[in-house]
Amino acid sequence: MLQVLTILVGLVRAKTLALLLGPAEFGIVSTIDQIMVMVLTLGALGTPFSALKFIAHARSEGDEAFRRTGSGFLRLMLALGVLTTLSASAVAGWRPQLFSSDLAPYQSALRLAILGVPSALLLMLFVNALAAARRAVDAATMTLLATAILAGSAVGGAWWRGVGGLYELSVVAAVLTTAGGLVYLARVLGIKLNAPHTGIVASLRRQPAIVGSSLSFYVTFAAMSIMMLLARTTVLSRLGAASVGHMHAAFSIALTVGAVLYPLSTLYLGPLVNSSGAASEKARVTDAYVGKMLLLLLVGALPPLMFPATLVGFLYSGAFVPVAAVLWLFVLWQCVFQLAYVYHLLLIGLDDMLFAATALVSGCIVVMGLAEVLTSRIGLGGVPLALTVGMALWGAAVTARLRLRHRIGASRRVLVRIASVVLMVALSGYGFAGHIETGLSPILARVVTATLWLSVLWLLMDPQERHPKLWFAALTGGLSAGESQERPAESTDERP
């Protein structure tokens with residue numbers, strides 16, 4: 001429920017900013033935000049993932065070890081935040097074209113946004129520390145509160161002084177939120193800046209495997225953040241700021257399709273495939289999970305496929321409706337990404353970290369190359385088409401590795417369902433894009449199509465997978481990977 005509320009807060013923020021700023025300045029804000037994601041990813045050096053691992057491990061050693069380790073990472077994250085801010089500020093001042101030459105009129109807003117880096121890194125640590133302490137509800141609550149406060153400040157700043165005001169108030173709100181988080185963390189978990197802390201370097205020497213896994217995650221997240229930034233800057237230079245605003249609206253709607261499945265895959269399937277056990281058992285659990293997640297994926301994809309213009313106009317404004325013609329390509333990309341990500345998690349669970357990172361980075365490189373070419377030739381639709389091709393190649397490389405190296409993979413029945421869902425999404429999107437969405441006949445055609453697709457997928461499922469209790473459990477927070485006996489006895493629902 002808290003995740004849903006967080007998503008709703010994000011949608012309200014986007015809707016309000018779209019109305020206040022319009023497509024062009026909305027596109028500028030989305031580009032600056034993506035620059036901040038890239039800066040945060042590069043500057044964090046994978047430490048949020050390491051922190052989660054170390055702090056969770058220290059918790060099993062006792063409260064004192066937990067507090068000391070948490071305090072050590074608190075200081076490390078603050079130091080990284082300050083260093084990253086200084087480095088990014090220097091780049092923005094001396095070589096602003098490295099971010100984007102088209103952002104020249106908004107350099108002051110970009111520099112203000114960079115000042116929020118330390119707060120953003122510390123907020124990430126706060127959430128991970130609560131998760132490591134097995135306070136999942138507290139972690140989700142803090143995420144919701146921080147999202148709401150920052151969204152409110154962004155909207156208030158945009159109403160006050162446009163793009164510049166948005167980042168002025170956002171930085172102030174981020175600093176105040178971080179101060180509150182520091183007080184909360186000190187009182188509830190005993191993690192303080194001035195507390196004695198564990199030597200992190202010595203801990204890394206004792207557990208060198210964490211260095212490799214952190215580096216793998218760092219490389220993959222960095223590649224993805226750079227890829228998404230280049231997609232925006234390509235559209236900005238080729239098509240203009242308004243097209244970037246349109247693209248951001250399409251990205252947001254497409255990401256909503258996987259907004260539940262992505263954390264579900266990470267937090268539920270991730271621990272299962274990372275637990276001890278045979279590769280064949282992990283493959284079977286993944287197979288069962290994918291077989292059921294496909295129905296949820298199709299249900300989430302159908303509304304933007306059937307009523308793209310209506311949805312874009314409702315969530316943003318009529319000025320963003322032109323992107324409705326290519327929204328289905330963004331949805332197709334998100335479906336391909338979600339499916340590839342599941343098997344990426346399986347490969348990580350088999351400790352094949354290097355290949356997993358290499359495959360994803362290679363897919364990102366393909367996207368970067370194709371986006372430039374396709375955007376020049378076919379316009380805005382070139383970005384999601386490039387993303388779909390790149391992520392499909394990533395998924396194909398991962399599944400080939402599972403087959404050839406580990407001798408496991410998706411069963412034939414699941415592969416048939418995967419192909420069916422991808423085909424349904426493509427046919428629905430292409431068939432309904434650009435057509436009238438109101439009136440009895442158009443609505444009836446869409447209802448019949450959606451019913452047909454869902455019926456076909458339902459018939460492709462195994463009888464035990466159609467049990468009502470399974471879907472009640474899925475809708476109330478947990479998508480079972482199969483019958484109770486399918487879950488490995490030693491697995492837990494902790495965050496990976």
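**Entry 1. Confidence**

I looked first at the confidence of each element and noted that helix α18 (residues 468-475) has the lowest mean pLDDT among the elements of the chain, at 55. Helix α15 (residues 382-404) has the highest, at 96. I then looked up residues 475-496 and found that the pLDDT there is below 50. In the model this stretch nevertheless has 55 contacts beyond near neighbours in sequence. I recorded a caution: where pLDDT is low, the predicted coordinates should not be read in detail. The structure is a predicted model, and I noted a chain average pLDDT of 85. I also noted that 89% of the residues score at least 70.

**Entry 2. The chain as a whole**

I counted the elements and found 18 helices and zero strands. The chain has 496 residues, and 52% of them count as buried. I looked up the exposed area, which is about 21,400 Å². Carbon and sulfur atoms supply 68% of that area. I then turned to contacts between residues at least 6 apart in sequence, of which 81% join residues at least 24 apart.

**Entry 3. The largest nonpolar core**

I asked which residues of the largest nonpolar core touch the most other members. I found Val290, Tyr316, Tyr343, Met391, Trp394 and Val425, out of 144 residues in this core. Helix α13 (residues 327-349) gives the most to the core, with 19 residues. I followed Val425 further and set aside its neighbours within four places in sequence. Val425 is then in contact with Leu298, Ala301, Leu305, Val331, Leu332 and Cys335.

**Entry 4. Two buried residues, Thr41 and Arg417**

I located Thr41 in helix α1 (residues 2-44). Thr41 counts as buried because its relative accessible area is 16%, under the limit of 20%. Leaving aside neighbours within four places in sequence, I found Thr41 in contact with Tyr218, Phe221, Ala222 and Ser225.

I located Arg417 in helix α16. Is Arg417 buried or exposed? With a relative accessible area of 1%, Arg417 is buried. Not counting residues up to four places away in sequence, Arg417 touches Gly291, Leu294, Leu457, Leu460, Met461, Asp462 and Glu465. I also looked up the pair Arg417 and Val456, which are 39 residues apart in sequence. Their C-alpha atoms are 9.5 Å apart in space.

**Entry 5. A nonpolar patch on the surface**

I found a nonpolar patch on the surface formed by Leu20, Trp159, Trp160 and Leu169. Together these residues have about 460 Å² of accessible area. Helix α6 (residues 136-189) gives the most to the patch, with three residues. I looked at Trp160, which lies in helix α6. Trp160 is partly exposed, with a relative accessible area of 46%. Trp160 therefore passes the accessibility cut-off for a patch residue, which is over 30%.

**Entry 6. Salt bridges**

I searched the whole structure and found eight salt bridges. I took notes on some of them.

- Arg13 and Asp33 meet through their side chains, at 3.7 Å from N to O. Arg13 is partly exposed at 24% relative accessible area, and Asp33 is partly exposed at 26%.
- Arg161 forms a salt bridge with Glu168, and the closest N and O atoms are 3.4 Å apart. Glu168 counts as partly exposed, at 24% relative accessibility.
- Glu281 and Arg284 meet through their side chains, at 2.6 Å from N to O. I noted that about one helical turn separates Glu281 and Arg284, because they are three residues apart in helix α11 (residues 279-306). Glu281 is partly exposed at 23%, and Arg284 is partly exposed at 35%.

**Entry 7. Positive phi angles in loops**

I asked where Asp351 is placed. Asp351 is in the loop between α13 and α14 (353-378). The phi of Asp351 is near 65 degrees, a positive value in a residue other than glycine. Asp351 counts as exposed because its relative accessibility is 65%, over the limit of 50%.

I looked up Arg407 as well and placed it in the loop between α15 and α16 (412-432). Arg407 is not a glycine, although its phi is positive, at about 60 degrees. At 67% relative accessibility, Arg407 counts as exposed.

Technical notes
Residues are numbered from 1 along each chain as its sequence is written. This is a predicted model: local features need pLDDT of at least 70, side-chain atom pairs count only at pLDDT 80 or more; totals for chains, interfaces and linings use all residues. Side-chain values use heavy atoms; hydrogens and water are left out. Patches are made of residues with over 30% relative accessible area and no salt bridge: like charges are joined within 9 Å, nonpolar side chains (Val, Leu, Ile, Met, Phe, Trp, Tyr) within 5 Å. Accessible areas come from the Shrake-Rupley method with a 1.4 Å probe; for residues, only the protein chains shown count as cover. A salt bridge is a side-chain nitrogen of Lys or Arg within 4 Å of a carboxyl oxygen of Asp or Glu. Helices (H or I, at least four residues) and strands (E, at least two) are DSSP runs, numbered from the N terminus. Buried means under 20% relative accessible area, exposed over 50%, partly exposed in between (1.4 Å probe, protein chains only). pLDDT is the predictor's confidence in each residue, from 0 to 100. Contact means heavy atoms within 4.5 Å. A nonpolar core is a set of buried Ala, Val, Leu, Ile, Met, Phe, Trp, Tyr and Cys residues joined through side-chain atoms within 4.5 Å.
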